[in-house]
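Welcome! Open your viewer, have the selection tool ready, and follow along one stop at a time.

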Amino acid sequence: MSLSLSLRTASVAALLLCLVALPAVAQSERPAVTQTLAFENATVITEPGSEQTGVTVVVRNGIIRTVEAGASIPFDARVIDADSLYIYAGFIDGFSHTGIDMPEEEDAGSVDDPGNPSAARAGVQPERNASAFFDPGASRVNQLRMQGVTTAHVAPEGRMLPGQGALVNLHGSNAEAALLTDGVSLFGQFRGARGSWPNVVSPSTTMGVISMMRQVLRETERRQQLEAAYAGDPQGRQRPPRDAAHTALMPLLDGERPLIFAASSATDAHRILALQREMSFPLMIAGLKEGFNLLDVLQDADVPLFLSLDLPERTELDENEEPTAYDPMLRVHDASDTERERANLEQRLRAEQERYINQAATLHDAGLSFGFSTEGVSPGDLHGHLRTLAESGVPHDVLLAALTTTPAQTFGVDRQLGRVAPGFIANLVVTDGPLFDEDTGIRHVVVDGHLYTKDEAEAGEVTGDAEAVTGTWTMTLETPQGDIDIEVQLRGDDTGLTGSVVGPDGSEERLQSISFDGETLSFVVPGSQMGDARVSGTIEEDRFDGTISASGMSFDVTGQRTSPDRR
């Protein structure tokens, strides 16, 4: 095998490492290097309620290959000593707008008929797909991933019916590489059309939105009937009219695609459940915060639920203040009672906070299952909120199921995600203790077989202007075997950078330990058992001059930014 053929077929990680670590000899005897990981001697929670100790987990080419004690380790594996570590299936976010980058809305000018605006102006855009707007390099994607979220059900942002949801892995050089399943759902919410007085566009109120949803669904039902009649006997009939919005809604009425509806309040949940009963379509409720107010309704409806992880912060008692029960009958007669009234109102606030915090426990006690939505939650608060739910009485296995097996079953991917088992996608969370313990931290996250190490991710520090380096770079490695061109893509902002490197054959590796101080850019390309390759150099006016180092050797690297990212 010639050198040039070897370079075209090798992965980018193997290419970089072999160029700096091996002499210029014939490559035919060197075996191909694959994306292989081995976590040795770990405690593995294969699914909620099932734990094994002393287990080796082998990952190859993005798939879990082995989960067993004493398993043989492939020769090309990157071995991680997991003797004191715990391995869980990657978490699944049941609903959010994570990584969604929508174009700016056009100026909301006047319309000729405010009571009958265009579908787009009214917010009826179910034909749009989340995969067209998903950016796997977005900073929130990186932040959630490092909290253990490896898969997310994401939907477009917008008004009443913004578009279709997609299931994506939180890794990939682009949306297509991250996509698991397109058209998972249709997303809806009680959000009216754009416009302000005096140019108020219908529907501008919740009742108006409900009315228009009913109208659009009835129109879709009528379109289906016309199409069925035409398909049965087209001769002599005018071909029925079609449009993208009604066509996108037909799978909903056929029961093939659910509507996932954002309903944080009990009132909104009541309203969408009433419409669902009337129109008979499959429904999921996302972002629910007041489920404790409609237990009987939810039990009768039996629809999938994704509870909001946006929990209220508890109001602490003042020093030396004794907790007392809220008295709804308290009446204040004069100014001397104002302090007693204040204390009573604070107790009411605490009581309401506890009701929201205890929602998951209340629903579990009522026999309802659920997943979670991260929408509106700061990624750094995620594990604190999960521990709060555990303290409120939700069993650990129920919490783990809500993060893994329950959403996997809901979205029909329970043979790919949600468990640590051979044949499943290698989405893993590796912790240094039991997941819900107070002092437990995440050590590694694996997405599609790609390893992210928490310490390395946090080590990258951006103290310079991130816009000076974000975008696409063409870099040339000056090696004894000749010049090799690679492409480096960097995204993010001054809070952190993410990136990937693409080799001559199109193979891609996620970068680690990215840092930029205003002059020096450095990053690590993770490798196999041969080690990692570190690239470091100076930036000046879209030019890069530096070196690549691994296995005690280094070579020059030069680069040019070809496509700046100014977002």
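**First stop: a pair of helices.** Select residues 206-232, which form helix H6, and residues 244-253, which form helix H7. This is a predicted model, and in it the two helices pack at an angle of about 90°, with their axes 9 Å apart. An angle from 65 to 115 degrees counts as roughly perpendicular, so H6 and H7 are roughly perpendicular to each other.

Now show the side chains where these helices meet. On H6, pick Val-216, Leu-217, Glu-219, Thr-220, Glu-221, Arg-223, Gln-224 and Glu-227. On H7, the partners are His-246, Leu-249, Met-250, Leu-252 and Leu-253. Try colouring by residue type: the contact of H6 with H7 has six nonpolar, three polar and four charged residues.

**Second stop: helix H12.** Select residues 382-391. Is this helix enclosed by the rest of the structure or not, and why? Eight of its 10 residues are buried, so H12 is largely enclosed by the rest of the structure. Highlight the buried ones: Leu-382, His-383, His-385, Leu-386, Arg-387, Thr-388, Leu-389 and Ala-390. Then step along to Gly-393, just after H12, which takes a positive phi of about 120°.

**Third stop: helix H13.** Move on to residues 396-403. Here Leu-399, Leu-400, Ala-401, Ala-402 and Leu-403 are buried. What do the buried residues of H13 pack against? Select these elements to see:

- strands S1 (36-47), S5 (86-89), S6 (91-96) and S13 (371-373)
- helices H12 and H14 (405-410)

**Fourth stop: the nonpolar cores.** The largest nonpolar core holds 78 residues. Select Phe-134, Leu-259, Leu-283, Ile-285, Leu-298 and Phe-372, the members that touch the most others in this core. Another core, of 26 residues, lies apart from it; Val-488, Leu-490, Phe-544 and Ile-548 are among its members.

Go back to Ile-285 and display what surrounds this residue. Leaving aside neighbours within four places in sequence, Ile-285 is in contact with Phe-261, Ala-263, Ala-269, Leu-273, Leu-298, Val-303, Pro-304, Leu-305 and Phe-306.

**Last stop: the whole protein.** Zoom out and switch to a cartoon view. The secondary structure comes to 15 helices and 25 strands. Of the 567 residues, 52% are buried. Among contacts between residues at least 6 apart in sequence, 65% join residues at least 24 apart. Finally, turn on the surface: the protein exposes about 25,400 Å², and carbon and sulfur atoms supply 45% of that area.

Definitions and conventions
Residues numbered from 1 in each chain as written. Predicted model: local features only at pLDDT ≥ 70, side-chain atom pairs only at ≥ 80, totals over all residues. Heavy atoms only, no water. Core = buried A, V, L, I, M, F, W, Y, C linked by side-chain atoms within 4.5 Å. Buried < 20%, exposed > 50% of the residue type's maximum accessible area, 1.4 Å probe, protein only. Contact = heavy atoms within 4.5 Å. Helix = DSSP H or I, 4+ residues; strand = E, 2+ residues; numbered from the N terminus. Areas by Shrake-Rupley, 256 points an atom, 1.4 Å probe, with all protein chains shown as cover. Axes fitted to C-alpha atoms, helices over the stretch in contact; angles between N-to-C directions. Parallel < 35°, antiparallel > 145°, perpendicular 65-115°, else oblique. Nonpolar A, V, L, I, M, F, W, Y, C, P; charged D, E, K, R; others polar.
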